[in-house]
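Colleague: I should be grateful for some guidance on how to read a protein model. May we take its features one at a time?

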Amino acid sequence: MTTMQTDTRAPRAALLTLDGVRKVFGGVTALKGVSFDVGAREVVGLIGPNGSGKSTCVNVISGTMPPTAGEIRLGGTPIHGLPANRVVAQGLARTFQTTQMFEEFTALDSVLVGANLRYQGSVATNVLGLAGARADAQRVRGEALELLDFVGLGGRGDVRVSMLSVCEQRLLMVACALASRPAVLLMDEPAAGMVASERRVLSALIRRLPERDVSVMVIEHHMGLIMEVCQRIVVLNFGEKIAEGTPAEIRNNPAVIEAYLGHHGDAASH
Ligand code: ADP
Ligand code: MG
């Protein structure tokens with residue numbers, strides 16, 4: 001088969017680009033020169049059997065660890081090797097597999113933390129002094145409330161994180177990530193541990209993200225969700241990209257089916 005990899009890279013303006021990214025851990029090469037990109041307002045899935053390099057890919061993109069070789073660019077600017085906080089400043093936010101929020105904060109405060117990262121040292125605070133800072137604070141609060149609404153947590157702003165359901169905490173994590181106004185949102189297994197009804201809520205939310213001018217890269221085990229939300233899917237196996245294409249192309253790709261069949265218990269259903 002020579003037609004398995006659909007090269008859909010050319011026509012889009014790439015927002016996030018991986019170019020020959022390698023990551024070596026001692027004797028293990030977790031990424032063997034991976035290249036793909038994410039375009040503006042696009043939802044791209046990254047899938048692959050256990051151990052295929054998905055988490056490593058997220059970690060090198062988000063600046064948790066530097067790649068051994070290769071380039072990662074965000075809006076044309078190289079970000080490989082930058083520390084995580086600088087990568088966020090360049091416009092990339094992520095959600096985590098496990099909730100990483102302060103349990104005692106309210107939902108609204110949690111979003112404000114994300115938003116304040118953006119407003120620290122803003123023009124208004126520096127040049128206009130206290131009045132400007134107050135106007136900023138009002139605006140940030142308004143935006144945070146609007147974000148809570150957007151993710152489906154309108155009216156839950158005063159509830160402590162510890163009192164929210166696991167599903168609500170996940171939605172909150174999306175609101176927190178969006179508060180930094182990212183160009184690209186990386187979602188690491190957002191549906192882990194969710195039941196079907198919760199996955200439907202999440203799926204609807206992910207599909208509305210492009211409305212906010214954000215591109216999404218989603219790593220997920222749940223194949224149903226991936227097929228539903230993604231315009232394009234990149235498949236890794238043993239650290240290599242083995243396929244890239246639309247959900248329909250990926251679903252029928254023999255190399256992908258074979259990679260998953262080789263990993264019992266990791267397959268495409270549930
Ligand atoms: P996935 O997320 O697709 O399950 P990972 O990126 O976690 O895959 O792992 C890819 C490979 O890299 C595996 O062989 C894994 O054991 C190895 N690996 C991942 N992280 C580390 C690490 N910090 N140190 C050593 N090996 C690692
Ligand atoms: Mg992983």
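Colleague: Let us begin with accessibility. Does Asp-213 count as buried, partly exposed or exposed?

Modeller: Please bear in mind throughout that this model is predicted. A residue is called buried under 20% relative accessible area and exposed over 50%, with partly exposed in between. Asp-213 has 48% relative accessibility, so Asp-213 counts as partly exposed. Its place is the loop between helix H7 (196-208) and S8. Asp-213 also has a positive phi, about 65°, although it is not a glycine.

Colleague: Which value of phi does Arg-41 have, and where does Arg-41 lie?

Modeller: The phi of Arg-41 is positive, at about 55°, and Arg-41 is not a glycine either. Arg-41 is located in the loop between S2 and S3. With a relative accessible area of 46%, Arg-41 is partly exposed.

Colleague: I should like to see a contrasting case. Is Ser-215 buried or exposed?

Modeller: Ser-215 has a relative accessible area of 0% and is therefore buried. This residue is found in strand S8, which covers residues 215-219. Setting aside residues up to four places away in sequence, Ser-215 touches a list of residues that includes Leu-15, Val-38, Arg-41, Glu-42 and Ala-183. Over the whole protein of 270 residues, 49% count as buried.

Colleague: How should one read contacts between residues that are distant in sequence?

Modeller: One asks how many places along the chain separate the two partners. Among contacts in the protein between residues at least 6 apart in sequence, 68% join residues at least 24 apart. Separation along the chain can also be set beside distance in space. Glu-240 and Val-21 are 219 residues apart along the chain, and their C-alpha atoms are separated by 9.9 Å. Ala-255 and Ala-243 are 12 residues apart in sequence, with 7.6 Å between their C-alpha atoms.

Colleague: In which elements are Glu-240 and Ala-255?

Modeller: Glu-240 is in strand S10, residues 240-245, and Ala-255 is in helix H10, residues 254-261. Glu-240 is partly exposed, with a relative accessible area of 42%; Ala-255 is partly exposed as well, at 22%. Not counting residues up to four places away in sequence, Glu-240 touches Lys-32 and Val-235. In total, the secondary structure of the protein comes to 10 helices and 10 strands.

Colleague: Let us turn to the ligand. Which residues surround ligand 1?

Modeller: A shell is read first as a list, then by kind and by element. Among the residues around ligand 1 are Phe-25, Val-28, Ala-30, Asn-50, Ser-52, Lys-54, Ser-55 and Thr-56. The shell divides into four nonpolar residues, six polar and one charged. H1 gives the most to this shell, with three residues.

Colleague: What distances separate ligand 1 from Lys-54, Ser-55 and Thr-56?

Modeller: An N or O atom in the side chain of Lys-54 is 2.9 Å from an oxygen atom of ligand 1. For Ser-55, a backbone N or O atom lies 2.9 Å from an oxygen atom of the ligand. For Thr-56, a polar side-chain atom lies 2.5 Å from an oxygen atom of ligand 1. On its own, ligand 1 has 560 Å² of accessible area, and the protein covers 58% of this. Strand S2 (28-39) and helix H1 (54-61) are the elements that give two or more residues to the shell.

Colleague: Ser-52 is part of that shell. Where does Ser-52 lie?

Modeller: Ser-52 lies in the loop between strand S3 (43-47) and H1. Ser-52 counts as buried because its relative accessibility is 1%. A polar atom of its side chain is 2.7 Å from the backbone oxygen of Pro-49. Beyond its neighbours within four places in sequence, Ser-52 is in contact with Ala-30, Leu-236, Asn-237, Phe-238 and Gly-239.

Colleague: Finally, which element has the lowest mean pLDDT, and which the highest?

Modeller: Where pLDDT is low, predicted coordinates should not be read in detail. Helix H4 (residues 123-127) has the lowest mean pLDDT among the elements, 51, and strand S4 (residues 69-74) the highest, 98. Residues 121-125 stay under 50, and the model has 10 contacts for them beyond four places in sequence. The pLDDT is also below 50 over residues 265-270. The protein averages 87, and 86% of the residues score at least 70.

Methods. Residues numbered from 1 in each chain as written. Chains lettered and ligands numbered in written order. Predicted model: local features only at pLDDT ≥ 70, side-chain atom pairs only at ≥ 80, totals over all residues. Heavy atoms only, no water. Helix = DSSP H or I, 4+ residues; strand = E, 2+ residues; numbered from the N terminus. Buried < 20%, exposed > 50% of the residue type's maximum accessible area, 1.4 Å probe, protein only. Contact = heavy atoms within 4.5 Å. Near = heavy atom within 4 Å. Polar contact = N/O pair within 3.5 Å; in protein donor to acceptor, adjacent residues only side chain to side chain. Areas by Shrake-Rupley, 256 points an atom, 1.4 Å probe, with all protein chains shown as cover. Nonpolar A, V, L, I, M, F, W, Y, C, P; charged D, E, K, R; others polar. pLDDT = per-residue confidence, 0-100.
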